[in-house]
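Student: I am new to this structure and would like a close look at a single part of it. Please choose a place to start and walk me through what surrounds it, one step at a time.

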Amino acid sequence: MDEQPFNIVITGVGGQGNLVTSRVLARAAIADGLSPTIGQTFGASQRGGAVTTHIRLADQQVAPLVPKGALHVLLGLEPLEGLRAAIDFAGANTIAIVSDLKVDTLDTLAGTIKYPELDDIFSHLAGICGTTYRVPIQTNDLASRSLNAYLVGIMVGLEVQPISQRSIRQSYESMGKRTTENLNAFATGIDAVKDLRPI
């Protein structure tokens, strides 16, 4: 790993598998000889609440929070939460991999704010992050139940992070829940990279 710590932020809303994804990546990182530090979840982890997890990879323990502007990879399970995390942590060296599957959050459901246009969200993301991938999602079973594994597959397919594909696959296998669905989504994400271009 050339640059340490390597910083990943996963963000979305409750129910999208943010915590599972952080555990999968942490186990895989340990298998690869790295020492992951996970910043605890920030936000309401109940369904519909914003959830953000920091993962920092290094040869030794580091502070749990990604410093502002020092984010390497942003995995956005939900576009508005992806933009919020980018504002807080991203910079010119950030690679954003963000789903375009809109999920109403507590404040949009309550009418506190109006959900922005997706094109505006991604325009702002591209202005903040060095590289931004808008990941098209069809509203099917993969989107609702295995979106997290799909985005991890895209991250691995893009070869933008230091954890090996083999270790991530083994980590999904060790989870013991929805293994087949997650491995299929992971493989589909890796394959989808060939059709994906930054915006």
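Tutor: Gladly! We will need one term first: two residues are in contact when they have heavy atoms within 4.5 Å of each other. Please also keep in mind that this is a predicted model.

Let us start at leucine 196, which is found in the segment after α8. Is this residue buried or exposed? The cut-off for buried is under 20% relative accessible area, and leucine 196, at 10%, therefore counts as buried. Setting aside residues up to four places away in sequence, leucine 196 touches Tyr133, Arg134, Val135, Pro136 and Ile154. For a sense of scale, the C-alpha atom of leucine 196 is separated by 29 Å from that of alanine 31, a residue 165 places away along the chain.

Just before leucine 196 in the sequence there are some charged residues to look at. Aspartate 195 forms a salt bridge with lysine 194, with 4.0 Å between the closest N and O atoms. Lysine 194 also forms a salt bridge with aspartate 191, and there the closest N and O atoms are 3.0 Å apart. Aspartate 195 counts as exposed, at 61% relative accessibility, while aspartate 191 is partly exposed, with a relative accessible area of 46%.

Now pick out one of the residues that leucine 196 touches, Arg134. Arginine 134 forms a salt bridge with aspartate 100, the closest N and O atoms being 3.7 Å apart. Arginine 134 sits in strand β6 (residues 131–135) and aspartate 100 in the loop between β5 (95–99) and α3 (106–109), so their pairing ties together parts that are 34 residues apart in sequence. As for the two partners, arginine 134 is partly exposed, at a relative accessible area of 24%, whereas aspartate 100 is buried, at 16%. Asp119 belongs to the picture too: Asp100, Asp119 and Arg134 are linked in a network of salt bridges. The whole structure has 5 salt bridges.

Next, let us move to helix α6 (residues 147–158), where asparagine 148 has its place. Asparagine 148 is buried, with a relative accessibility of 7%. Which residues does asparagine 148 contact, once neighbours within four places in sequence are left aside? They are Gln16, Gly17, Thr21, Leu77, Tyr172 and Asn182. Two polar links stand behind that list. The side chain of asparagine 148 reaches the backbone oxygen of glutamine 16 at 3.4 Å, and it makes a polar contact with the side chain of threonine 21, also listed at 3.4 Å.

In the loop between α5 (141–145) and α6 you will find serine 146. Serine 146 is buried, with a relative accessible area of 3%, and its side chain is joined to that of arginine 178 by a polar contact of 3.3 Å.

Tyr172, one of the contacts of asparagine 148, leads us onward. The structure holds 1 aromatic pair. In this pair, the ring centres of tyrosine 172 and phenylalanine 186 are 5.7 Å apart and the ring planes are at 50°, so the pair is described as tilted. Tyrosine 172 lies in helix α7 (residues 165–175) and phenylalanine 186 in helix α8 (residues 179–192), so the pair ties together parts that are 14 residues apart in sequence. Both of these aromatic residues are buried. With α8 we are back on familiar ground, since leucine 196 lies in the segment after it.

To finish, here is a strand to compare with what you have seen. In strand β1 (residues 6–13), 8 of the 8 residues are buried, so the strand is largely enclosed by the rest of the structure. Phe6, Ile8, Ile10 and Gly12 point one way from β1, and Asn7, Val9, Thr11 and Val13 point the other way. In a regular strand, side chains alternate between the two faces of the sheet. What are the partners of β1? Strand β3 (residues 50–58) runs antiparallel to β1 and is joined to it by 8 bridges, with isoleucine 10 standing opposite threonine 53. Strand β4 (residues 73–76) runs parallel to β1, with 4 bridges between them, and there isoleucine 8 stands opposite valine 73.

Conventions:
Residues numbered from 1 in each chain as written. Predicted model: local features only at pLDDT ≥ 70, side-chain atom pairs only at ≥ 80, totals over all residues. Heavy atoms only, no water. Buried < 20%, exposed > 50% of the residue type's maximum accessible area, 1.4 Å probe, protein only. Pairing = 2+ DSSP bridges. Salt bridge = Lys/Arg side-chain N within 4 Å of Asp/Glu carboxyl O. Polar contact = N/O pair within 3.5 Å; in protein donor to acceptor, adjacent residues only side chain to side chain. Phe/Tyr/Trp six-rings, centres within 6.5 Å; stacked < 30°, edge-to-face > 60°.
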